[in-house]
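Good morning, colleagues. Please take a moment to look at the sequence and the structure before I go through some selected contacts.

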Amino acid sequence: MQYVSTRAASSAAASPSQPSSAQFSDILLGGLAADGGLFLPASYPQVTGAELDAWRKLSYAELAFEILKKFATDIPEADLRALTAKTYTAEVYKNARKEESAADITPLRVLEEGENGTRLVLQALSNGPTLAFKDMAMQLLGNLFEYALAKQNAELNIFGATSGDTGSAAEYAMRGKQGIRVFMLSPHKKMSAFQTAQMFSLQDPNIFNIAIEGVFDDAQDMVKAVSNDLEFKARHKIGTVNSINWARVVAQVVYYFRGYLAATTSNDQKVSFTVPSGNFGNICAGHIARMMGLPIDKLVAATNENDVLDEFFRSGVYRVRKSAETYHTSSPSMDISKASNFERFVYELVGRDSDRTRALFQKVDTHGGFDLSGKPGSDGDEFKLVANYGFKSGKSTHQDRVDTIRDVADDYGIVIDTHTADGIKVAKEHLEPGVTMIVLETALAAKFNETILEALGEDAERPDGFENIEDLPQKFVVMKPDVAAMKAYIASNTGL
Ligand SMILES: *Cc1c(COP(=O)(O)O)cnc(C)c1O
């Protein structure tokens, strides 16, 4: 399997003597392609009906192996099988609700079977160590990184900024891993007590929590400043695990297959997915599963008030938001100003034309967006093709989330988190007779308790082991947003 950049120069792509492509292991530890684009397979591997039938019986780990081996063709199959078996265990995904089976890894729960033949199902993706769906990919990434680094006898220092879910998922995936250190910046005293405790209670010597005196953007700016020093970056083997990482996307493809296969008994049954969306990473994986031939009917992107994606899927206009237009909401993991994986879909939409893709995303930098509506003066008319890819969308507000959390508790007897509430609200607007609608549950309610209290007047239940997490000893340093001091801190802890 060869990978290409969405912005590869077409002359190089056309010339076999000048390969512009890479293998899975080449892109595993990296981020953007050198040309600023995102990596994608040169073509999507296809699945057959016979394969789907056989896969219905597999465990999650076995299914993950079958799918990943189509993408990671340069990793020996026995190694890949061992890595997936080690990652997707009932022990790692143990935070399943009492009545659900942890061994299912992503258990399904039918919420409603309508008299008119509609069906609403929840797929739990948040039973991993940090109670959010990012564990689904990040846990595999931790094992893949450790494996790849050991082979090259290399080290990696992961450096990033977080306002919550990504940082903790990265730390729990990398803790105790050979050859890896994590330096994670977060805004001092700005995360919830639960999120802070989750990260700062880790005592592993390879985890470094750095609380920056400032807001998230200050922490993010520090990461950019340090990463722009290429000499420092190379010397200290600095890398990232952000949402554009290809291995993260591909690990997420697996649960779309799992959800489809678990919800159906034959491959002519129709299933749609509604996905609480921010950076377009999760739903991009659904798009890839669909391109591989998984019979997904619709892919519905659910946004909160930060509706960049909803706007595009309604109008064909992609317009990134300025900071002042980016709202802090009660589904904070979807508070984005632009959707960093969106280029992977746009590349497909414009017929895998890397010159067009490059021009469109340069226009994002220079003009804040592009318009594919086909209206006079627009940048193209490909919006009319979006329906071929099954995409739909919707958005919700804080009041919608509160109402949905309350309704779901009343009607189905379970408590959902705010992001999943965005999903349920939008999914209900897209139910169709004869089609199972699966909503992806992207976090457990305990992580976003403030809104649960507001909606239900009582605290969200915490999974076993999380009861007193705020009381555990915490390990972190507080620093000013000072680039030189940050570099000195990293240097003194990498020993490089
Ligand atoms: C990250 C996150 C999302 C958004 O996922 P994207 O891949 O960025 O679209 C939604 N819900 C939760 C709880 C998250 O942590």
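The side chains of Glu66 and Lys69 are joined by a polar contact of 3.2 Å. I should say at once that this is a predicted model, and the distances I quote are computed from it. Glu66 belongs to helix H4. Leaving aside residues up to four places away in sequence, Glu66 touches Trp55 and Leu58.

Let me stay with helix H4 and turn to its packing. Two packed helices are described by the angle between their axes and the distance between the axes. For H4, residues 60-71, and H11, residues 246-263, the axes come within 9 Å and cross at roughly 130°. H4 is therefore oblique to H11, since the angle falls outside the 65 to 115 degrees of the roughly perpendicular class and is not over 145. The crossing in which H4 passes H11 is right-handed.

Which residues of H4 and H11 meet? From H4 we have Tyr60, Leu63, Ala64, Ile67, Leu68 and Phe71. Their counterparts in H11 are Trp246, Val250, Val253, Val254, Tyr255, Phe257, Arg258 and Leu261. Sorted by class, this contact holds 13 nonpolar residues, no polar residues and one charged residue.

The second pair is H7, residues 165-174, with H8, residues 193-200. Here the axes come within 9 Å and cross at roughly 25°. An angle under 35 degrees counts as roughly parallel, so H7 is roughly parallel to H8. The crossing of these two helices is left-handed. On the H7 side the contact is made by Asp165, Gly167, Ser168, Glu171 and Tyr172, and on the H8 side by Gln195, Gln198 and Met199. By class, the contact of H7 with H8 comprises two nonpolar, four polar and two charged residues.

Asp165 brings us to the ligand. How many residues surround the ligand? There are 15, and the closest are Lys134, Asp165, Gly278, Asn279 and Asn282. Asn279 places a backbone N or O atom 2.7 Å from an oxygen atom of the ligand. For Phe280, a polar backbone atom is 3.2 Å from a ligand oxygen atom. With Thr442 the partner atom is in the side chain: a polar atom there lies 2.9 Å from a nitrogen atom of the ligand.

The last pair is H16, residues 398-412, and H18, residues 449-456. The axes of H16 and H18 come within 9 Å, with a crossing angle of roughly 70°. That value lies in the range of 65 to 115 degrees, which means that H16 is roughly perpendicular to H18. H16 passes H18 in a right-handed crossing. His398, Val402, Ile405, Arg406 and Ala409 of H16 meet Thr451, Ile452, Glu454, Ala455 and Leu456 of H18. The class count for the contact of H16 with H18 is six nonpolar, two polar and two charged residues.

To recapitulate the three pairs: H4 is oblique to H11, H7 is roughly parallel to H8, and H16 is roughly perpendicular to H18. Thank you for your attention.

Terms used:
Residues numbered from 1 in each chain as written. Predicted model: local features only at pLDDT ≥ 70, side-chain atom pairs only at ≥ 80, totals over all residues. Heavy atoms only, no water. Axes fitted to C-alpha atoms, helices over the stretch in contact; angles between N-to-C directions. Helix = DSSP H or I, 4+ residues; strand = E, 2+ residues; numbered from the N terminus. Left-handed = near helix turned anticlockwise from the far one by under 90°. Contact = heavy atoms within 4.5 Å. Nonpolar A, V, L, I, M, F, W, Y, C, P; charged D, E, K, R; others polar. Polar contact = N/O pair within 3.5 Å; in protein donor to acceptor, adjacent residues only side chain to side chain. Near = heavy atom within 4 Å.
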